[in-house]
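Reader: Hi! I'm new to protein structures, and I would love a close look at the salt bridges in this one. Could you walk me through them?

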Amino acid sequence: MDMELALPNPNYAVPPPPPAADPLPQHPPAPSNNGFIFPFPKRPAIRVTTEFDSESTFFFHKISCKLFDSLAKLKFSFNNTSKGDVSEPQISFVSKHLSIHYDLEDQNALVKSSFDIGPKLHLTAAHDVKAQQGEVTTVADLAPGYALELSTAVPTVGLPKATLKFPVGEVSLQEEEETQEEEFKRLLSLSGIAKLPILNGTCTAQYKDEEMKLRYSYKDEQMSFIPSLSLPSNALSFAFKRQFGPSNKLSYWYNFDSNYWSAVYKRTYGKDFKFKAGYDSEVRLGWASLWVGDEDGKAKTAPMKMKVQFMLQVPQDEIKSSALMFRVKKRWDI
């Protein structure tokens with residue numbers, strides 16, 4: 001046997017085996033569309049709030065939901081009595097730049113809009129469709145803490161109201177209509193407010209309708225004292241608050257001109273329970289109330305998404321006519 005025939009040909013190379021193919025990527029299974037080709041958008045969460053006031057015997061209902069990934073809110077509200085009579089139905093669409101409030105009884109809409117014309121120029125507008133009246137307000141940021149606001153009625157009835165805002169207050173100039181000797185005259189009215197720190201408190205001066213109100217507020221961790229004086233009537237009053245601890249406080253108010261006074265004692269138990277008791281000499285009425293749930297917050301901050309207030313009113317002259325009233329506010333998320 002010829003040995004050269006048994007040796008491989010040096011000019012011939014056997015090609016290497018092809019590399020193994022990469023495995024196909026594993027994708028998660030596509031969500032089911034319940035047999036439909038195009039998926040349907042998820043239904044927005046609906047919030048239903050119902051409130052009952054025993055004093056007015058009215059139910060107050062509100063149904064709302066968020067749209068477009070919480071960019072807007074749609075709300076429907078109405079009232080009804082225990083007999084089922086419905087009143088004040090209203091539909092509202094609210095977003096950052098546009099809101100529409102439609103009253104079904106009056107068949108009237110109130111439209112409000114706001115947007116930025118530039119980095120330092122802002123525009124807001126409101127229009128009452130039925131009355132064909134509105135208002136346009138332009139705010140210009142002049143410098144840090146300073147702004148100029150111009151408000152004019154639509155249709156225009158006079159000069160726009162101009163307000164200059166600065167770090168310690170604001171001053172407004174407005175044209176008003178007065179009747180003098182059976183003639184209508186338009187006069188310029190000046191109003192303003194200023195706040196200045198004095199000693200350990202803040203002094204506030206407010207001028208409007210040719211009346212000046214001076215108010216000094218002193219506060220520390222345990223006490224606040226707030227005297228007020230109106231000029232030129234020289235009506236003097238003061239308010240006093242005393243914090244006895246983190247959970248109880250006493251407030252007292254007295255008017256030297258009328259000798260009317262009122263006092264309120266408040267005590268909180270945890271976050272969701274608050275007790276109040278007080279007396280008002282002007283209406284000669286004493287009262288006490290108990291809140292279950294955050295009084296100033298939303299229903300979702302209370303246990304079981306509910307707020308309840310029980311209130312006892314005791315007239316000083318007719319104790320036998322004392323009345324126990326309550327308010328209940330309940331929320332459901334659907």
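Author: Happy to; here is a walk through the salt bridges, pair by pair. This is a predicted model, where local features need pLDDT of at least 70 and side-chain atom pairs count only at pLDDT 80 or more, while totals for chains, interfaces and linings use all residues. Residues are numbered from 1 along each chain as its sequence is written, and side-chain values use heavy atoms, with hydrogens and water left out.

Side chains of opposite charge can pair when their charged atoms come close. A salt bridge here is a side-chain nitrogen of Lys or Arg within 4 Å of a carboxyl oxygen of Asp or Glu, and the structure holds five of them.

Let's begin with arginine 327 and glutamate 51, whose side chains meet at 3.9 Å, N to O. This pair links distant parts of the chain, 276 residues apart: arginine 327 sits in strand E22 and glutamate 51 in strand E1 (strands are DSSP runs of E, at least two residues, numbered from the N terminus). Arginine 327 is partly exposed, at 31% relative accessible area (buried means under 20%, exposed over 50%, partly exposed in between, with a 1.4 Å probe and protein chains only). Glutamate 51 is partly exposed too, at 22%.

Next, arginine 284 and aspartate 317 form a salt bridge at 3.0 Å, N to O. Both lie in loops, 33 residues apart. Arginine 284 is partly exposed at 36%, whereas aspartate 317 is exposed at 55%.

Finally, arginine 331 meets aspartate 333 at 2.5 Å, N to O. Arginine 331 is buried, at 7%, but aspartate 333 is partly exposed, at 40%. Together with Arg47, these two residues are linked in a network of salt bridges.

Technical notes
Helices (H or I, at least four residues) and strands (E, at least two) are DSSP runs, numbered from the N terminus.
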